[in-house]
Each structure stands twice: as C-alpha cells, then as structure tokens.
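This report walks through one protein model, from its overall fold to a few single residues. Keep the sequence and the coordinates open while reading.

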Amino acid sequence: MNALLLTSYYLVYRSLFMYIGISIFVAALVLGFGQESMHPFIVLLTLLLVSIPAMEVIKHESKSGYDKFVLTMPINRAHIVFGHYLFYLAVLAIGIVITTVTFLVYFFAVEESYVQLLVQIAPSIMLVLLIGALIFPLLYLLGPEKSDGVLIVAAGAAILVSFLMERVVSNLVFERFALNEAETSSMIVYSLTFVLIGFTIYILSFLIALSVYKRKEF
C-alpha cells in the first residue's frame with residue numbers, strides 16, 4: 001500500500017506543491033484584504049485546489065502506462081482502488097491542515113471564535129468528499145481520457161447535492177431538534193453532521209468503484 005501511495009504522490013507532486021502554494025497565497029490575500037463574506041469561499045477554494053492533483057492521478061497513470069503495469073504486481077484490485085481513495089483523503093487532509101492553520105492564525109489576530117472555522121470548513125469537506133465519491137467510479141467506468149469532462153460533471157453534481165444537504169441538515173439540526181444556532185455545542189453538531197454525511201457517501205462510493213474496477217478490462 002505504501003508503494004501505491006508513493007507512486008500516486010510522485011505522479012502529481014509537482015502540481016500538488018503548486019496548488020498548495022496558490023491556495024496559501026490566495027487565502028492570505030483574501031483574509032488580509034477581502035471581506036468576511038468571502039471566508040467560506042476561500043475555505044472551499046483551498047480544499048478544492050489542494051485536492052485537484054489527487055483527482056488527476058488516474059489520468060497520469062493511464063498516460064504513463066502504470067495502470068496496466070500495476071496489475072502485474074502481487075496485489076489485488078481492491079488494493080489499487082483503496083490506494084486511490086486513500087491518497088485522495090491524504091491530500092484532502094493536507095488541505096484541511098492548511099485551511100485550519102491559516103484561519104486559526106487569522107481568528108487569533110482578530111479575536112474571533114474558533115467555532116466559526118468548523119461552520120465554514122465542514123460543508124466544504126463534505127463537498128470535496130462528494131466530488132471524489134463521484135469522480136473515481138466514473139473514471140473507472142468511462143476511462144481516464146474523459147477525466148476533464150468527468151471532473152466538470154462531478155463538481156456540478158456535488159455542488160447541487162451539497163446545496164440540498166445544507167438545507168436538509170439545517171432543517172434537521174436547528175428546527176427538528178430545536179438546537180440554538182448561538183450555542184457552540186449546536187454548531188459542533190451541525191458541522192460534524194456534514195463531515196459524517198461526506199464520509200458515508202465516500203465509503204459507499206469506494207464499494208461501487210471497487211465493483212466497477214473488478215469488472216474493468218484492460
């Protein structure tokens with residue numbers, strides 16, 4: 001598994017560092033000179049930018065011929081699919097760390113509550129997980145040569161689903177359970193609900209992608 005993760009890293013490490021640098025620069029620029037209303041957008045943009053290289057791993061594997069070579073290695077197809085999904089999570093975790101550190105420094109400087117970070121980052125985490133959950137099964141099914149179109153479709157569908165989920169979660173947490181939006185505990189429940197939904201869909205996506213990949217002919 002370590003070999004699969006390292007291979008994914010070396011396939012995209014240049015673009016990964018490039019997107020990390022861009023995300024840090026844009027986040028610092030907006031936090032320093034932008035309006036507070038742009039903060040949720042910056043959180044989402046940072047996570048998306050950092051995650052883009054992980055979305056391109058399968059395309060790079062196809063171009064280099066690694067996708068066929070890896071099948072000759074003493075590993076099963078479940079390990080290959082799991083490696084793609086795990087690498088995506090690892091890159092997303094890097095984005096979360098960058099976002100968290102950036103905003104914690106900002107909130108410390110302006111003396112705002114750190115709870116706002118949870119409210120801003122949780123829906124973005126869910127959205128990025130949804131994009132990954134859609135991309136991998138579609139790439140296995142349609143092929144990496146259609147990766148650009150798959151990315152556009154997955155992003156659009158994930159944004160729509162995320163918007164609907166936000167309305168459902170808000171209604172569930174604040175109306176049905178009658179929790180107070182001003183309470184820290186309520187906002188934590190609200191935020192963690194998004195993360196839980198995102199990971200649940202991501203796990204289901206892995207099972208679907210594994211089924212598709214096992215039937216795939218090279």
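## Overall fold

The protein has eight helices and zero strands. The model is predicted. Read along the sequence, the pattern is α-α-α-α-α-α-α-α. The chain counts 218 residues, and 41% of them are buried.

Contacts reach across the sequence. Take the contacts between residues at least 6 apart in sequence: 78% of these join residues at least 24 apart. The accessible surface of the protein comes to about 11500 Å². Carbon and sulfur atoms account for 69% of that surface.

## Annotated segments

The UniProt record is an unreviewed entry. Its annotation "transmembrane region" covers residues 12–33, 39–58, 85–109, 121–142, 149–168 and 188–213. Two of these segments are set out below, with the secondary structure and end-to-end span computed from the model.

| Segment | Helix | Strand | Distance between end C-alpha atoms |
|---|---|---|---|
| Residues 39–58 | 95% | 0% | 32 Å |
| Residues 121–142 | 100% | 0% | 31 Å |

## Helix 1

Helix 1 runs over residues 2–33. Where does helix 1 bend, and by how many degrees? The bend is at Val12 and comes to about 65 degrees. Val12 is also one of the buried residues of helix 1. The UniProt annotation "transmembrane region" has one of its segments at residues 12–33, so the record places the start of that segment at Val12 too.

The buried set of helix 1 mixes residue types. It includes Leu4, Leu16, Ile20, Val30 and Leu31. Ser8, Ser15 and Ser23 are buried as well, as are Tyr19 and Ala27.

Phe33 also belongs to helix 1. Is Phe33 buried or exposed? Phe33 counts as exposed because its relative accessibility is 73%, and the cut-off for exposed is over 50%. Phe33 joins Phe25 and Leu29 in a nonpolar surface patch of about 390 Å².

## Glu61

Glu61 lies in helix 3, which spans residues 57–64. Its relative accessible area is 6%, so Glu61 counts as buried. The cut-off for buried is under 20%.

Which residues does Glu61 touch, leaving aside neighbours within four places in sequence? The contacts are Ser8, Leu11, Tyr66, Asp67 and His84. Among them, Ser8 is itself one of the buried residues of helix 1. The contact between Glu61 and Ser8 thus links a residue of helix 3 to a buried residue of helix 1.

Definitions and conventions: Residues numbered from 1 in each chain as written. Predicted model: local features only at pLDDT ≥ 70, side-chain atom pairs only at ≥ 80, totals over all residues. Heavy atoms only, no water. Bend = angle between axes of the 7 residues up to and from the residue. Helix = DSSP H or I, 4+ residues; strand = E, 2+ residues; numbered from the N terminus. Buried < 20%, exposed > 50% of the residue type's maximum accessible area, 1.4 Å probe, protein only. Patch = residues over 30% accessible without salt bridge, like charges linked within 9 Å, V, L, I, M, F, W, Y side chains within 5 Å. Areas by Shrake-Rupley, 256 points an atom, 1.4 Å probe, with all protein chains shown as cover. Salt bridge = Lys/Arg side-chain N within 4 Å of Asp/Glu carboxyl O. Contact = heavy atoms within 4.5 Å.
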